[in-house]
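This report looks at how the chain shown here is packed and how its charged side chains pair. The core comes first, then the surface, then the salt bridges.

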Amino acid sequence: MKILIFDGSPKEKSDTIRLTDAFIEGLNEKKDNTIVKYKVINNDIKPCLGCFSCWNNNGKCIIKDDMEKILKDMLQSDIIIWSFPLYYFGLPSHLKALLDRTLALTKKSIVEVDGCFYHSFKDDIKDFKTIMICGSGFPYYKENFEAVIKQFQNSFHKDLTTITVSQTPMLNVKEANVVTDFLLKKFISAGREYYQTKKLSKETIEKLQKPMFPKDLYLKMANNQ
């Protein structure tokens, strides 16, 4: 398989990409996949102009930047992983620009599925699976992630897996290594499961998303830094 990873963190050392790398370690344990990773912020990706020229030009965007190569990689991929920290309950702005520019992969016609209206992907686009791994510095509250989960559900309607992890700054706290190392091992195991079944069970996702520390303890640690 060809696995494409978008590292959406602006930081050189990302908490979320550590989880994603652990997942890839399990997913690519047999070393039989092609891995392509983009550090998104280091690429020239201009905002979508909303001109819709791509719909009238066989999917070719009039903007000449790194998205041309990125779109080609997306078309060739079997699995696309979006790895990013939660920024104001959504995607970091540079990653959102990339998502907006995937308009070039869609059709002009509007369709309705389960009360949601969207532009579906072109018929000749290879089916690919999408995984969203989103980390947050909040204690776990479902509401913190609801907006970005909904955005991915509306953008990638089938074969979507969403993993949301709270308290990720603890990955940089040496004293918390006993706990965070256990979480990283769970991500490696989840990668193995995905390799075998091309999906994750509900039980596995719940284990990945379980808060590492009780809410009150985490808040005390986070607010005293």
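Which residues have the most contacts inside the largest nonpolar core? The model is a predicted one. Its largest nonpolar core has 33 residues, and those with the most contacts inside it are Phe-6, Ile-70, Met-74, Trp-82, Phe-84, Leu-98 and Phe-152. Two or more residues come from each of strand 1, strand 2, helix 2, strand 3, helix 3, strand 6 (129-135) and helix 4 (142-155). A second core is separate and has 29 residues, including Ile-5, Ile-81, Val-165 and Phe-187.

**Trp-82 and Phe-152**

Trp-82 sits in strand 3 (residues 79-85). Its relative accessibility is 0%, so Trp-82 counts as buried. Beyond its sequence neighbours up to four places away, Trp-82 touches Phe-6, Met-74, Leu-95, Leu-98, Leu-99, Thr-130, Ile-131, Met-132, Ile-133, Phe-152 and Phe-156. One of these partners, Ile-131, is 49 residues from Trp-82 in sequence. In space, the C-alpha atoms of Trp-82 and Ile-131 are 6.2 Å apart.

Phe-152 returns the contact with Trp-82. With residues up to four places away again left out, Phe-152 also touches Phe-84, Leu-91, Thr-130, Met-132 and Leu-160.

**Helix 2**

Which residues of helix 2 are buried? In this helix (residues 67-76), they are Met-67, Ile-70, Leu-71, Asp-73 and Met-74. They lie on the same side of helix 2, because they cover an arc of only 160 degrees around the axis. In an α-helix, residues three or four places apart point the same way, because each turn takes 3.6 residues. The buried residues of helix 2 pack against strand 1 (2-7), strand 2 (34-39), strand 3 and helix 3 (93-101).

**A nonpolar patch at the surface**

Tyr-88, Phe-89 and Phe-138 make a nonpolar surface patch of about 400 Å². Tyr-88 belongs to the loop between strand 3 and helix 3. Its relative accessibility is 81%, so Tyr-88 counts as exposed.

**Salt bridges**

Side chains of opposite charge can pair when their charged atoms come close. The model has nine salt bridges. Three of the pairs are listed here.

| Pair | N to O distance |
|---|---|
| Asp-21 and Lys-37 | 2.8 Å |
| Lys-46 and Asp-44 | 3.0 Å |
| Asp-65 and Arg-101 | 2.8 Å |

What does the pair Asp-65 and Arg-101 link? The pair joins distant parts of the chain, 36 residues apart. Asp-65 is in the loop between strand 2 and helix 2, and Arg-101 is in helix 3. Both residues, Asp-65 and Arg-101, are buried.

Asp-21 is in helix 1 (residues 15-27) and Lys-37 in strand 2, so their salt bridge ties together parts that are 16 residues apart in sequence. Asp-21 is partly exposed, with a relative accessible area of 34%. Lys-37 is partly exposed as well, at 43%.

In the pair Lys-46 and Asp-44, Lys-46 has 35% relative accessibility and counts as partly exposed. Asp-44, at 36%, also counts as partly exposed.

Salt bridges also form a network that links Lys-2, Lys-69 and Asp-73. Asp-73 is one of the buried residues of helix 2.

How values were computed. Residues are numbered from 1 along each chain as its sequence is written. This is a predicted model: local features need pLDDT of at least 70, side-chain atom pairs count only at pLDDT 80 or more; totals for chains, interfaces and linings use all residues. Side-chain values use heavy atoms; hydrogens and water are left out. Helices (H or I, at least four residues) and strands (E, at least two) are DSSP runs, numbered from the N terminus. Buried means under 20% relative accessible area, exposed over 50%, partly exposed in between (1.4 Å probe, protein chains only). Contact means heavy atoms within 4.5 Å. The arc is that of the directions from the helix axis to the C-beta atoms. Patches are made of residues with over 30% relative accessible area and no salt bridge: like charges are joined within 9 Å, nonpolar side chains (Val, Leu, Ile, Met, Phe, Trp, Tyr) within 5 Å. Accessible areas come from the Shrake-Rupley method with a 1.4 Å probe; for residues, only the protein chains shown count as cover. A salt bridge is a side-chain nitrogen of Lys or Arg within 4 Å of a carboxyl oxygen of Asp or Glu. A nonpolar core is a set of buried Ala, Val, Leu, Ile, Met, Phe, Trp, Tyr and Cys residues joined through side-chain atoms within 4.5 Å.
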